[in-house]
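Please give a short report on this structure for someone seeing it for the first time. Cover the ligand site, then a few individual residues.

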Amino acid sequence: MSTIDLSARIPNNVNLSADRTLQRALEHWQPAFLDWWKDMGPSDFLASDVYLRTATGVDAAGWASYGTVKMPDYRWGIFLADAEVGRTIGFGDHMGEAVWQQVPGEYRSTFRRLIVTQGDTEPASVEQQRLLGHTCPSLYDLRNLFQVNVEEGRHLWAMVYLLHAYFGRDGREEAEELLMRHSGDADKPRILGTFNEPIDDWLSFFMFTYFTDRDGKYQLKSLAESAFDPLARTTRFMLTEEAHHMFVGETGIGRVVRRALEVMKELGSDDPAAVRRAGAIDLPTVQKYMNFWFSSALDLFGSESSSNAGSYFANGIKGRPDEAKFTDHREIDTSYSFQAPDGAGGVKTEEVAMRNAMNAVTRNEYVKDCEIGFKRWNKLIERAGFTYELKLPSDRFHRTIGAWAGIGTDLAGNPVGKEAYAEVCKSGLPSEDDRRFVKSLQQRVVLPGKMAAWIAPPDRGINNLPVDYEYVRLN
Ligand code: BYC
């Protein structure tokens, strides 16, 4: 591929047409990415025409250009949010110094590792979701799935850009590796646990986009504070796209709840078995999926007490989400206390240096953000005249990372014995039977405007188009 083709093909604001080194790296990587997309991306929809949003610039007009495109022809671009003139480091030991336009040698391997970890999640999620298209509940949802997928692809490009532009040969090698690890692969799995779980039903997809993508939002917000300016600017732009992914999750769960309520009203009963017989997903099953996906997303924040997190903060590598809203940006002699298991079935208070508690601080902000959807869904339930309440389980429940890893608790976070915990998991997490039931509903609906029986239609279509617009033409 000639270099002129390359910069025309890749919308960017990084002056790609003048950067020979970057062009050479991308000439190599771009065909490998396309091969990966064909092998590991959405299965079977390569020839479909999809109504997609493409970022062609960072301003209001450019970041959301809509049009119909076949996914392999999607123009994955490279964008950094506009530079902030005179930006200085906003936290840690380097606070007040000018931000870095190159990676300082002493932090190089740490930055590379964080960028690789972030980059790894993006293609992982596309791989996890690759079979979902076959069971889409509507063309509207199919289009949203593909929009999320192509944008995760673009987020991979964003991290690969940083690896290529700032990390030389080892960056190029890491970029290749990002296409070699695969979700759930026994030999070369994705780096973070959750990203190796398949997502093979749409309820899980909505949970993933609500809970897991929101972890993405908070990690990106923390990286957007980084002293390494290209990383900060790249992640700031990624956040504009991330909002749609969480919209898909929040409205998806809301539509499942709405459909359950319609059926409950028709039946005049909230009996879960009757709701299921009528082809909708009962609210207790929705709650169990929430318990599973929330606990799994919490693990993505790392441990409450983490010397890694402490040194990221001290060195200006990764801050807190919306760092400016905190009062102390150095946190030198401050501490953070949290509740941990005491090893004897009870709870004790632990105190750690605030710097080492940054994972917990970020996670707390995430949990607050998760609660917003619950208010909306519970309002739907209340308005429909039912008394059920959907709620977040305790952040101690069902954990595999951090202070509560492997400790049995009830849904409210009280430590319980082994047998009682097995009972809580049985009633509080999706059982084989629940999963079978949800899967039994997954049937492809592709008539424009039609919805599967287990989900209500959305309130409105995409970009002011009607809900019954043919968002995907299946060629
Ligand atoms: N799985 O000190 P600790 C997204 C490792 S999602 C496996 O407690 P630390 C997206 C850890 O690496 C956002 N390993 O934690 C969403 C460390 O290993 P070493 C992705 C784990 O290092 C949907 C050891 O355990 N972005 O964008 O402070 C769709 C001790 O760790 C896990 C990022 O994650 C785990 N869950 O923080 C698409 C941002 N947790 O050093 C996309 C970049 C911990 O002992 N990553 N470990 O060998 C980070 O900032 C950090 O790596 C973490 C962990 C927050 C993940």
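A polar backbone atom of glycine 193 lies 3.5 Å from a nitrogen atom of the ligand. Aspartate 299 also offers a backbone N or O atom, placed 3.1 Å from a ligand nitrogen. Glutamine 118 uses its side chain instead: a polar atom there is 2.6 Å from a nitrogen of the ligand. A polar contact here is a pair of N or O atoms within 3.5 Å; within protein, one must be able to donate a hydrogen and the other to accept it, and residues adjacent in sequence count only if both atoms are side-chain atoms.

The model is predicted: local features need pLDDT of at least 70, side-chain atom pairs count only at pLDDT 80 or more, and totals for chains, interfaces and linings use all residues. Residues are numbered from 1 along each chain as its sequence is written, and side-chain values use heavy atoms, with hydrogens and water left out.

**The ligand site**

On its own the ligand has 1000 Å² of accessible area, and the protein covers 80% of this. Such areas come from the Shrake-Rupley method with a 1.4 Å probe; for residues, only the protein chains shown count as cover.

The ligand takes up the space of the largest pocket. A pocket is found on a 1 Å grid over the protein atoms alone, as an open set of points with protein on both sides within 12 Å along at least five of seven lines, whereas a cavity is a set of points where a 1.4 Å probe fits but cannot get out; lining residues have an atom within 4 Å of a point. A molecule sits in a pocket or cavity if more than half of its atoms lie within 2 Å of its grid points.

Around the ligand there are 30 residues, and Gln118, Ser303, Ser306, Asn308 and Lys318 come nearest. Near means that a heavy atom of the residue lies within 4 Å. By type, the shell has 10 nonpolar, 13 polar and 7 charged residues. Nonpolar covers Ala, Val, Leu, Ile, Met, Phe, Trp, Tyr, Cys and Pro; charged covers Asp, Glu, Lys and Arg; the others, Gly among them, are polar.

Which helix gives the largest share of the shell? It is α3, with 7 residues. Helices α3 (108-128), α6 (202-223) and α10 (307-314) each supply at least two shell residues. Helices (H or I, at least four residues) and strands (E, at least two) are DSSP runs, numbered from the N terminus.

**Buried or partly exposed**

Buried means under 20% relative accessible area, exposed means over 50%, and partly exposed lies in between (1.4 Å probe, protein chains only). Here are some residues by this scale.

| Residue | Relative accessible area | Class |
|---|---|---|
| Leucine 142 | 0% | buried |
| Aspartate 282 | 3% | buried |
| Glutamate 331 | 7% | buried |
| Tryptophan 100 | 13% | buried |
| Threonine 251 | 27% | partly exposed |
| Alanine 403 | 27% | partly exposed |
| Aspartate 322 | 31% | partly exposed |

**Residues in loops**

Aspartate 282 is in the loop between α8 (272-277) and α9 (283-298). Its side chain has a polar contact of 2.9 Å with the side chain of arginine 276. Another, of 2.8 Å, joins aspartate 282 to the side chain of threonine 285.

The loop between α10 and β3 (335-341) holds aspartate 322. Glutamate 331 is found in the loop between α10 and β3 as well. Aspartate 322 is not a glycine, yet its phi is positive, about 50°. Glutamate 331, also not a glycine, has a positive phi of about 50°.

Alanine 403 sits in the loop between α11 (358-383) and α12 (418-428). Serine 305 is 98 residues from alanine 403 along the chain, and their C-alpha atoms are 8.2 Å apart.

Tryptophan 100 belongs to the loop between β2 (65-70) and α3. The C-alpha atoms of tryptophan 100 and glutamine 118 are separated by 20 Å, with their positions 18 residues apart along the chain.

**Residues in helices**

Threonine 251 is in helix α7 (residues 229-267). Where does its side chain reach? The side chain of threonine 251 meets the backbone oxygen of phenylalanine 247 at 2.6 Å. From threonine 251 to glycine 77 the C-alpha distance is 27 Å, and the two are 174 residues apart along the chain.

Leucine 142 lies in helix α4 (residues 139-166). Its C-alpha atom is 35 Å from that of arginine 320, 178 residues away along the chain.
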